[in-house]
Amino acid sequence: MATFAWDNSIALGIPVIDAQHKALFGWVNTLNEGIKNGVGSDAVEQIIWNLITYVTEHFSEEERLMLSCNYPGLTAHRKEHDQFVDRVQEIQAKYIDGHEMSENVLDFMVDWLVCHIKGTDQGYSRFIHQQEKL
Ligand SMILES: [Fe+2]
(Lines give C-alpha, C1' and ligand atoms only; values in the text may rest on other atoms or scores of the structure.)
Protein backbone atom coordinates (compact mmCIF):
# COMPACT_ATOMS: atom_id res chain seq x y z
CA MET A 1 0.00 0.00 0.00
CA ALA A 2 1.28 3.46 -0.84
CA THR A 3 1.27 5.87 2.10
CA PHE A 4 -2.15 7.46 2.27
CA ALA A 5 -2.02 11.22 1.74
CA TRP A 6 -4.84 13.32 3.15
CA ASP A 7 -6.49 15.83 0.87
CA ASN A 8 -9.42 18.19 1.15
CA SER A 9 -11.73 16.01 -0.93
CA ILE A 10 -12.41 13.98 2.22
CA ALA A 11 -12.74 16.92 4.60
CA LEU A 12 -16.19 17.27 6.19
CA GLY A 13 -15.72 20.80 7.49
CA ILE A 14 -16.21 19.67 11.09
CA PRO A 15 -12.73 20.35 12.54
CA VAL A 16 -12.80 17.83 15.39
CA ILE A 17 -13.97 15.01 13.11
CA ASP A 18 -11.56 15.92 10.29
CA ALA A 19 -8.70 15.82 12.81
CA GLN A 20 -9.82 12.37 13.97
CA HIS A 21 -10.07 11.11 10.38
CA LYS A 22 -6.52 12.33 9.73
CA ALA A 23 -5.31 10.53 12.85
CA LEU A 24 -7.14 7.39 11.73
CA PHE A 25 -5.34 7.35 8.38
CA GLY A 26 -2.18 8.05 10.36
CA TRP A 27 -2.68 4.73 12.18
CA VAL A 28 -3.28 2.86 8.91
CA ASN A 29 -0.06 4.41 7.52
CA THR A 30 1.81 3.44 10.70
CA LEU A 31 0.56 -0.12 10.30
CA ASN A 32 1.59 -0.19 6.65
CA GLU A 33 5.08 1.16 7.43
CA GLY A 34 5.47 -1.22 10.37
CA ILE A 35 4.79 -4.21 8.12
CA LYS A 36 7.00 -2.92 5.30
CA ASN A 37 9.86 -2.18 7.68
CA GLY A 38 9.58 -5.53 9.41
CA VAL A 39 9.13 -4.14 12.92
CA GLY A 40 8.09 -7.55 14.21
CA SER A 41 4.81 -9.13 15.20
CA ASP A 42 4.65 -7.69 18.74
CA ALA A 43 4.98 -4.15 17.40
CA VAL A 44 2.46 -4.83 14.60
CA GLU A 45 -0.02 -6.29 17.10
CA GLN A 46 0.36 -3.17 19.23
CA ILE A 47 -0.32 -0.93 16.21
CA ILE A 48 -3.44 -2.94 15.30
CA TRP A 49 -4.58 -2.67 18.91
CA ASN A 50 -4.06 1.11 18.86
CA LEU A 51 -5.88 1.39 15.54
CA ILE A 52 -8.91 -0.53 16.83
CA THR A 53 -8.98 1.51 20.05
CA TYR A 54 -8.78 4.74 18.08
CA VAL A 55 -11.39 3.77 15.51
CA THR A 56 -13.81 2.60 18.21
CA GLU A 57 -13.48 5.87 20.14
CA HIS A 58 -13.82 7.88 16.95
CA PHE A 59 -16.97 6.03 15.85
CA SER A 60 -18.50 6.54 19.32
CA GLU A 61 -17.81 10.24 19.09
CA GLU A 62 -19.44 10.47 15.65
CA GLU A 63 -22.45 8.55 16.96
CA ARG A 64 -22.76 10.91 19.97
CA LEU A 65 -22.61 13.85 17.56
CA MET A 66 -25.35 12.35 15.35
CA LEU A 67 -27.48 11.61 18.42
CA SER A 68 -27.07 15.13 19.79
CA CYS A 69 -28.48 16.65 16.57
CA ASN A 70 -31.18 13.98 16.09
CA TYR A 71 -29.70 12.81 12.80
CA PRO A 72 -32.22 10.37 11.27
CA GLY A 73 -29.55 8.14 9.66
CA LEU A 74 -27.86 7.18 12.92
CA THR A 75 -28.97 3.52 13.05
CA ALA A 76 -27.79 2.68 9.54
CA HIS A 77 -24.59 4.62 10.08
CA ARG A 78 -23.84 2.79 13.33
CA LYS A 79 -24.32 -0.51 11.52
CA GLU A 80 -21.58 0.40 9.03
CA HIS A 81 -19.27 1.33 11.91
CA ASP A 82 -19.95 -1.98 13.68
CA GLN A 83 -19.29 -3.97 10.49
CA PHE A 84 -15.94 -2.24 9.99
CA VAL A 85 -14.87 -2.86 13.59
CA ASP A 86 -15.89 -6.53 13.23
CA ARG A 87 -13.84 -6.81 10.05
CA VAL A 88 -10.74 -5.22 11.59
CA GLN A 89 -11.08 -7.47 14.64
CA GLU A 90 -11.14 -10.47 12.27
CA ILE A 91 -7.98 -9.15 10.62
CA GLN A 92 -6.41 -8.76 14.06
CA ALA A 93 -7.36 -12.33 15.04
CA LYS A 94 -5.90 -13.73 11.82
CA TYR A 95 -2.67 -11.82 12.31
CA ILE A 96 -2.31 -13.03 15.91
CA ASP A 97 -3.01 -16.50 14.55
CA GLY A 98 0.11 -16.24 12.37
CA HIS A 99 -1.32 -15.10 9.02
CA GLU A 100 0.65 -12.43 7.19
CA MET A 101 -1.03 -9.11 6.64
CA SER A 102 -1.38 -8.59 2.90
CA GLU A 103 -1.49 -5.32 1.01
CA ASN A 104 -5.09 -6.16 0.19
CA VAL A 105 -6.01 -5.85 3.85
CA LEU A 106 -4.45 -2.40 4.11
CA ASP A 107 -6.04 -1.33 0.82
CA PHE A 108 -9.37 -2.57 2.14
CA MET A 109 -9.05 -0.35 5.24
CA VAL A 110 -8.11 2.76 3.24
CA ASP A 111 -10.80 2.16 0.60
CA TRP A 112 -13.46 1.52 3.24
CA LEU A 113 -12.56 4.65 5.20
CA VAL A 114 -12.43 6.90 2.12
CA CYS A 115 -15.71 5.52 0.81
CA HIS A 116 -17.40 5.78 4.22
CA ILE A 117 -16.21 9.35 4.80
CA LYS A 118 -17.15 10.54 1.30
CA GLY A 119 -20.54 8.85 1.40
CA THR A 120 -21.96 8.00 4.81
CA ASP A 121 -20.14 10.65 6.87
CA GLN A 122 -20.98 13.32 4.32
CA GLY A 123 -24.63 12.52 5.07
CA TYR A 124 -24.50 13.65 8.69
CA SER A 125 -22.05 16.45 7.87
CA ARG A 126 -24.52 17.97 5.38
CA PHE A 127 -27.33 17.55 7.91
CA ILE A 128 -25.35 19.34 10.63
CA HIS A 129 -24.33 22.16 8.32
CA GLN A 130 -27.94 22.63 7.17
CA GLN A 131 -29.13 22.79 10.80
CA GLU A 132 -26.54 25.44 11.53
CA LYS A 133 -28.00 27.61 8.77
CA LEU A 134 -31.57 27.37 10.14
FE1 LIG B 1 -18.77 7.38 10.25
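A helix here is a DSSP run of H or I at least four residues long, and helices are numbered from the N terminus. The model on your screen is predicted.

**Stop 1: His21**

Select His21, which lies in helix α1. Is His21 buried or exposed? His21 has 22 C-beta neighbours inside 10 Å, and the cut-off for buried is 20 or more, so His21 counts as buried. Now add Ile10 and Ile117: leaving aside neighbours within four places in sequence, these are the contacts of His21. Measure from His21 to Ile10, C-alpha to C-alpha, and you should read 9.0 Å. Along the sequence these two residues are eleven apart.

**Stop 2: α1 against α2**

Select residues 15-36 for α1 and residues 41-68 for α2. Two packed helices are described by the angle between their axes and the distance between the axes. For α1 and α2 the angle is about 165° and the axes are 10 Å apart. Angles over 145 degrees count as roughly antiparallel, and α1 and α2 are therefore roughly antiparallel to each other. The crossing of α1 past α2 is left-handed.

Next, colour the residues that make this contact. On α1, pick Ile17, Gln20, Ala23, Leu24, Trp27, Val28, Thr30, Leu31, Gly34 and Ile35. On α2, pick Ala43, Val44, Ile47, Ile48, Asn50, Leu51, Tyr54, Val55, His58, Glu61 and Glu62. What classes of residue make up the contact of α1 with α2? It has 14 nonpolar residues, five polar and two charged.

**Stop 3: Leu31 and Ile47**

Zoom in on Leu31. Beyond its neighbours within four places in sequence, Leu31 is in contact with Ile47, Ile48, Leu51 and Leu106.

Follow one of those contacts to Ile47, in helix α2. Ile47 touches Thr30, Leu31 and Gly34, not counting residues up to four places away in sequence. Ile47 counts as partly exposed, with 19 C-beta neighbours inside 10 Å. Now draw a line from the C-alpha of Ile47 to that of Ala2. The separation is 18 Å, for residues 45 apart along the chain.

**Stop 4: Asn29**

Stay with helix α1 and select Asn29. Asn29 has 18 C-beta neighbours inside 10 Å and so counts as partly exposed. Which residues does Asn29 contact, leaving aside neighbours within four places in sequence? They are Thr3 and Phe4. Check Ala2 too: its C-alpha is 8.5 Å from that of Asn29, with their positions 27 residues apart in sequence.

**Stop 5: α1 against α4**

Show α4, residues 103-133. The axes of α1 and α4 come within 10 Å and cross at roughly 170°. These two helices are therefore roughly antiparallel as well. From α1, the contact uses His21, Leu24, Phe25, Val28, Leu31 and Asn32. From α4, it uses Leu106, Met109, Val110, Leu113 and Ile117. Nine of the contact residues are nonpolar, two are polar and none is charged.

**Stop 6: the nonpolar core**

Hide the rest and show the largest nonpolar core. It has ten residues: Val28, Leu31, Ile35, Ile48, Leu51, Val55, Ile91, Val105, Leu106 and Met109. Which elements give two or more residues to this core? They are α1, α2 and α4. In soluble globular proteins, nonpolar side chains tend to be buried together.

**Stop 7: Ile52**

Go back to helix α2 and select Ile52. Ile52 is partly exposed, with 16 other C-beta atoms within 10 Å. Setting aside residues up to four places away in sequence, Ile52 touches Val88, Gln89 and Gln92. Measure Ile52 to Val88: the C-alpha atoms are 7.3 Å apart, and the residues are 36 apart along the chain.

**Stop 8: Asn70**

Move to the loop between α2 and α3 and select Asn70. Asn70 is exposed, with 9 other C-beta atoms within 10 Å. Check its backbone. Most residues other than glycine have a negative phi. Phi of Asn70 is near 55°, a positive value.

**Stop 9: α3 against α4**

Finish with α3, residues 74-96, and α4. Their axes come within 11 Å and cross at roughly 170°. That makes α3 roughly antiparallel to α4. Select His77, Glu80, Phe84 and Ile91 in α3, which meet Val105, Trp112, His116, Thr120 and Tyr124 in α4. By class, this contact has five nonpolar residues, three polar and one charged.

Conventions. Residues are numbered from 1 along each chain as its sequence is written. This is a predicted model: local features need pLDDT of at least 70, side-chain atom pairs count only at pLDDT 80 or more; totals for chains, interfaces and linings use all residues. Axes are lines fitted to C-alpha atoms, for helices over the stretch in contact, and angles run from 0 to 180 degrees between N-to-C directions. Angles under 35 degrees count as roughly parallel, over 145 as roughly antiparallel, 65 to 115 as roughly perpendicular and the rest as oblique. A crossing is left-handed if the near helix is turned anticlockwise from the far one by less than a right angle, and right-handed if clockwise. Two residues are in contact if their C-beta atoms, placed from the backbone, lie within 7 Å. Ala, Val, Leu, Ile, Met, Phe, Trp, Tyr, Cys and Pro count as nonpolar, Asp, Glu, Lys and Arg as charged, and the others, Gly among them, as polar. A nonpolar core is a set of buried Ala, Val, Leu, Ile, Met, Phe, Trp, Tyr and Cys residues joined through C-beta atoms within 7 Å. A residue is buried if 20 or more other C-beta atoms lie within 10 Å of its own, exposed if 12 or fewer, and partly exposed in between; C-beta atoms are placed from the backbone.
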